Amino acid sequence: MKKLTSALLASAVFCTPLMADPVEDTLILNEEITMVTRTAAPAHVSDVLDEVISGWHFRGTETRAMQADDFDNPGMIFVEQAEEVWNTADGSEGKSCSSCHEGTDSMKGVRAVYPKWNEAAGEVRTLEMQVNDCRENRMGAEKWKYTGGDMTNMVALISSVSRGMPVDVAITGPAQSMWEQGKELYYTRTGQLELACASCHEDNYGNMIRADHLSQGQINGFPTYRLKNTKLNSVHARFKGCVRDTRAETFKPGSPEFVALELYVASRGNGLSVEGPSIRN
Amino acid sequence: MAKGVKPRVKVPKTAAAGDTITIKTLISHKMESGQRKDDDGNVIPRSIINRFTCDFNGENVIDVTLEPAISTNPYFEFEAKVPEAGEFKFTWYDDDGSVYDTAKKIAIG
């Protein structure tokens, strides 16, 4: 009897499907743009990763299919909402985004290079910071909340016109010290669980964390529409969620720490296509 | 009056005569069920799309009754046979009496 049980156990172990690997698939957007969703790791992470892989490969068949067509992508509803805002004047100057930037096509390529060093301000800026700078200083309008709906939708709109272009954030020159700071944060264990970003997304990507499939934590797909909360989610909101899950006090969205971390994490995905708004769990 | 209602439809531009095509529709609508209460405990009145229809050259293709349990931004995907060139007409009926419609032409080729 004991023999039989162990035989059964053994077969159960061997029958367990291997779900760990990222799925082999190609993302073709709207039957037009072939996206780069896996590519050789950029030089500065090649000592720890051979290949950088978009989170798209770690999601289920239906979720992956949803992202391949703009009509099926619920994130595009929010992009459309932002398009209206783009053309609506706000603030004391009576200007809208389109007053200076004209069509949204003028934003092509912008998402791919942010966060970016701003010479005039002498700081590394995220897209969100740039949007709020425009609102405050050009439009005379109220700042948006860093991870609020208006802001995230606008970032998604700006991102959507760059889809298919490779992420290419600069990490040398004046941005380097910020990048180093971000790198240090990435490898620093936090919280009661003592987890660093790298504990999950570098050492264990592809493995299951309970029912969820761990990705490399690339942010080329942000803002991302999450099926769990049916809205667009910004990078810093995701960072906050991750840090919270290590049971630590988190940094604030928009804080210098998260800006540094965003710069570093974005640079790990240099070469992957901009996907935002993507769809994830 | 529901705000921000916007119908979206995806129909192929051409099809072979007699072909079956896939049509996708989505209308952005909050679909307030009438079951929820606001912060003061008052019932938020029901406001949903209660009917959706699609006609091809005057002939009905699909006629759907929607119920309050249907989520925000109702999405319909269905198939239709295209015997000839013509126009698909889509109509959504709101609880508040508003009617939203849109149309898409399809050619044979």
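Start by selecting the charged side chains of chain A: there are 28 positive and 38 negative ones, and the centres of the two sets lie 8 Å apart. Keep in mind as you look around that this is a predicted model.

Next, show chain A as a cartoon. You should be able to pick out 11 helices and 11 strands. Turn the chain along its principal axes, and its C-alpha atoms fill a box of roughly 85 × 40 × 30 Å. The radius of gyration is 20 Å, which agrees with the value near 19 Å for a compact globule of 281 residues.

Now switch on the surface of chain A. Its accessible area comes to about 14,200 Å², with 52% belonging to carbon and sulfur atoms. Under that surface, 48% of the 281 residues count as buried. If you display contacts between residues at least 6 apart in sequence, 68% of them join residues at least 24 apart.

Then move on to the aromatic rings. How many aromatic pairs are there over all chains? A search of the whole structure finds 14. For one of them, select B:Phe52 and B:Phe76: their ring centres are 5.1 Å apart and their planes are at 5 degrees, so this pair is stacked. B:Phe52 sits in strand β4 (residues 49-56) of chain B and B:Phe76 in strand β6 (residues 75-82), so the pair ties together parts that are 24 residues apart in sequence.

Are these two rings' residues buried or exposed? B:Phe52 counts as buried, at 0% relative accessibility, and B:Phe76 also counts as buried, at 16%.

To finish, add B:Phe56, B:Phe78, B:Phe88, B:Phe90 and B:Trp92 to your selection; ring pairs link these with B:Phe52 and B:Phe76 into a cluster.

Terms used
Residues numbered from 1 in each chain as written. Chains lettered and ligands numbered in written order. Predicted model: local features only at pLDDT ≥ 70, side-chain atom pairs only at ≥ 80, totals over all residues. Heavy atoms only, no water. Helix = DSSP H or I, 4+ residues; strand = E, 2+ residues; numbered from the N terminus. Rg over C-alpha atoms; globule rule 2.2 N^0.38 Å. Buried < 20%, exposed > 50% of the residue type's maximum accessible area, 1.4 Å probe, protein only. Contact = heavy atoms within 4.5 Å. Areas by Shrake-Rupley, 256 points an atom, 1.4 Å probe, with all protein chains shown as cover. Lys, Arg positive; Asp, Glu negative; His and termini not counted. Charge placed at Lys NZ, Arg CZ, Asp CG, Glu CD. Phe/Tyr/Trp six-rings, centres within 6.5 Å; stacked < 30°, edge-to-face > 60°.
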